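User: Please take a close look at one part of this model, the helix packing and the nonpolar core, and describe it in a connected way.

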Amino acid sequence: MEESYRSFARVYDMFMDNIDYPSWSVYLTQLLREYGVEDGLLLELGCGTGSMTELLAEQGYDMIGVDNSEDMLEMAMEKREESGHDILYLLQDMREFELYGTVRGVVSVCDSMNYILEEEDLLQVFRLVNNYLDPGGIFIFDLNTPYKYQEVIGDDTIAENREEGSFIWENYYDEETGINEYALTLFLPEDEDLYRKYEEFHYQKAYEIPEVIRLLQEAGLEFVTVYDAFTHEAPGEESQRVYLIARECQKNKKEENV
């Protein structure tokens, strides 16, 4: 995780301009409001350059963004300066993030959770989320599915050439470990006639839904539901992205027992 998005941070938004973040944020906001988080303090884990963070701030949430890439957060803070939104950005690893208090909800999108490669680390993230949620607070996050890695992007190459830069994105999926390696090669302009080559390697893990539900429950969270992305339907065999929703439940129980 620590090596991800160093050179790519410079051009991340440019190459991700095919992502419909506004529609994505509408779906996410609908889910939050359905489960009672209509306003208040909201944490985004793996916020990257802050595209979703900004949109959620526009929806009236008081936003905190956590990411472990200094370069990505620099881009996020430039957006904050332009928008004027009062967003707190923290340079932290989501496996050991710290807040000053609890939040009404936690969200994580763009397959940030797939970057957690070990079950024990994912469990630790879930424990921290549970710790920093208000009583009954909501946790919503997405995941790329094993089907997507195996059948859609695994062992595939994606390339794009633009005046602003070019990239080659090669994928290698290991079914035994569930790890997908992204070998990313960037060609970015240095001056009028010179391009510099950058290479990065990213790794994501495919998790089965029952495995994730078990880890949520082990962390003390109550599993609520799982949706095929951008719908309210149950995932199918060919779902490429899913959204999971969990709820903090331990604090309420402790208060009842006092």
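Analyst: The buried residues of α3 are S51, M52, T53, E54, L55, L56 and A57, so that, in this predicted model, seven of the eight residues of the helix are buried, each with under 20% relative accessible area. Just after α3, G60 adopts a positive phi of about 105°.

Part of the surroundings of α3 is supplied by helix α2, residues 21–34, which packs against α3, residues 51–58, at an angle of about 55° and with the two axes 10 Å apart. Because of that angle, α2 counts as oblique to α3, and the crossing in which α2 passes α3 is right-handed. On the α2 side the contact involves Y21, P22, W24, S25, L28 and T29, and these meet S51, M52, L55 and L56 on the α3 side. Sorted by class, the residues of this contact comprise seven nonpolar and three polar ones, with no charged residue. Four residues of α3 that take part in it, S51, M52, L55 and L56, also appear among the buried residues of that helix.

The loop that leads from α1 (12–15) to α2 contains I19, and this residue counts as partly exposed because its relative accessibility is 25%. In sequence I19 is 91 residues away from C110, yet in space their C-alpha atoms are 9.8 Å apart.

A second helix pair can be described in the corresponding terms. Helices α5 and α7 pack at an angle of about 50°, with their axes 8 Å apart, and they are therefore oblique to each other. Here, too, the crossing is right-handed, with α5 passing α7. From α5 the contact draws on E119, L122, L123, F126 and R127, and from α7 on E211, V212, R214, L215, L216 and E218. The make-up of this contact is six nonpolar residues, no polar residues and five charged residues, whereas the contact of α2 with α3 has no charged residues and three polar ones.

F126, one of the α5 residues in that contact, also leads into the interior. The largest nonpolar core of the model has 34 residues, and F126 is listed with L45, M113 and F139 as having the most contacts inside it. The elements that give two or more residues to this core are the strands β1 (40–45), β2 (61–67), β4 (103–108), β5 (133–144), β10 (221–228) and β11 (241–248), together with the helices α5 (119–132) and α7 (209–218). Among the contributors, α5 gives the most, with seven residues. Apart from this core lies another one, of 29 residues, which includes L31, L55, V109 and Y227; L55 is also one of the α3 residues that meet α2. In general, nonpolar side chains in soluble globular proteins tend to be buried together.

The individual contacts of F126 fill in the picture: setting aside neighbours within four places in sequence, F126 touches M113, F139, F141, V212, L215, L216, A219 and L221. Of these partners, V212, L215 and L216 are α7 residues that belong to the contact between α5 and α7, while M113 and F139 are listed with F126 among the residues with the most contacts inside the core.

Definitions and conventions
Residues are numbered from 1 along each chain as its sequence is written. This is a predicted model: local features need pLDDT of at least 70, side-chain atom pairs count only at pLDDT 80 or more; totals for chains, interfaces and linings use all residues. Side-chain values use heavy atoms; hydrogens and water are left out. A nonpolar core is a set of buried Ala, Val, Leu, Ile, Met, Phe, Trp, Tyr and Cys residues joined through side-chain atoms within 4.5 Å. Buried means under 20% relative accessible area, exposed over 50%, partly exposed in between (1.4 Å probe, protein chains only). Contact means heavy atoms within 4.5 Å. Axes are lines fitted to C-alpha atoms, for helices over the stretch in contact, and angles run from 0 to 180 degrees between N-to-C directions. Angles under 35 degrees count as roughly parallel, over 145 as roughly antiparallel, 65 to 115 as roughly perpendicular and the rest as oblique. A crossing is left-handed if the near helix is turned anticlockwise from the far one by less than a right angle, and right-handed if clockwise. Ala, Val, Leu, Ile, Met, Phe, Trp, Tyr, Cys and Pro count as nonpolar, Asp, Glu, Lys and Arg as charged, and the others, Gly among them, as polar.
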